[in-house]
Amino acid sequence: MSEYDHEPIRGLPGELPGDEHIIWQGAPDWKNMAMSALHIRLAFVYFFVIAATAALRGDWGTAMAVTAFGAVTIGMLVLFAWGVARTTVYTLTNKRFVLRIGVALNKCINLPLGELESANLKQLANGMGNIVLTLKGVPRLGYLMLWPHARSLRFVRPQPMLRAIPEAQRIAALLFKATKEVQSIAPSQEIRPERSNDIALEGLAA
């Protein structure tokens, strides 16, 4: 028995209404999550430089201590990334986006498609990508509540973010199509495959 056995539908807090259906469900790739959100490569370089500097000075005790501490730190980041990927479910329906997130304390965040102002797609390697969602008005979402599913350093107006998802361009297209059914979108802003690194969804009507 797991902590998610109470879910009537995987990743959702309750049964869907009769006029709502699931279009897509997915989760972050933990390896890309570790690289793009937790910056493991930067952490490795940081500890390597300190340990190498200490070794060049002949301070082998410090070098070994820094190496051990770095290994533990990076190991914890990897474990956290794996936990995030295991417990996260992103759900797109024809009415809303739902983020089921939280490693220790799980929660579901409902984002109605009618409240989306824009969405930006940033492609990563191997078809992975991040999709940043901007909401209309002043969202009542805390940065810490969303992290790591939030755009970095946007504390005043946190932006929910789909992290390291496979087939990101296809998901962005599904999001655009679903949102277009809910609110009017300027035709000039439709997703174009050759511009998949740019704005995926922009200029939604107020």
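Trainee: What relative accessible area does K95 have?
Mentor: This is a predicted model, so local features need pLDDT of at least 70 and side-chain atom pairs pLDDT 80 or more, while totals for chains, interfaces and linings use all residues. Residues are numbered from 1 along each chain as its sequence is written, and side-chain values use heavy atoms, with hydrogens and water left out. K95 counts as partly exposed (buried is under 20% relative accessible area, exposed over 50%, partly exposed in between; 1.4 Å probe, protein chains only), because its value is 38%.

Trainee: Which side chain meets K95 in a salt bridge?
Mentor: Look for a carboxylate partner: a salt bridge puts a side-chain nitrogen of Lys or Arg within 4 Å of a carboxyl oxygen of Asp or Glu. For K95, the N to O distance is 3.7 Å, and the partner is D19.

Trainee: How many residues apart are D19 and K95?
Mentor: D19 sits in the segment before β1 (22-26). K95 is in the loop between β2 and β3 (96-101); strands here are DSSP runs of E, at least two residues, numbered from the N terminus. This pair links distant parts of the chain, with a separation of 76 residues.

Trainee: And which residue forms a salt bridge with E20?
Mentor: Here the closest N and O atoms are 2.7 Å apart. The partner is R96.

Trainee: Why does the E20 and R96 pair tie together separate parts, and how far apart are they in sequence?
Mentor: E20 lies in the segment before β1, whereas R96 belongs to strand β3. So the bridge joins parts of the chain whose separation is 76 residues.

Trainee: Are E20 and R96 buried or exposed?
Mentor: Take this pair together, since E20 and R96 share a salt bridge by definition of the pairing. Both residues are buried.

Trainee: What is the relative accessible area of E167, the partner of R170?
Mentor: R170 and E167 form a salt bridge too, with their closest N and O atoms 3.3 Å apart. R170 is partly exposed, because its relative accessibility is 40%. E167 is partly exposed as well, at 47%.

Trainee: How many salt bridges does the structure hold?
Mentor: We've talked through D19 with K95, E20 with R96 and R170 with E167. The count for the structure is four.

Trainee: Which strand holds T91, and what is its relative accessibility?
Mentor: T91 lies in strand β2 (residues 89-93). T91 touches residues including W24, Q25 and R96 (heavy atoms within 4.5 Å), leaving out those up to four places away in sequence. T91 counts as buried because its relative accessibility is 0%.

Note on methods: Helix = DSSP H or I, 4+ residues; strand = E, 2+ residues; numbered from the N terminus.
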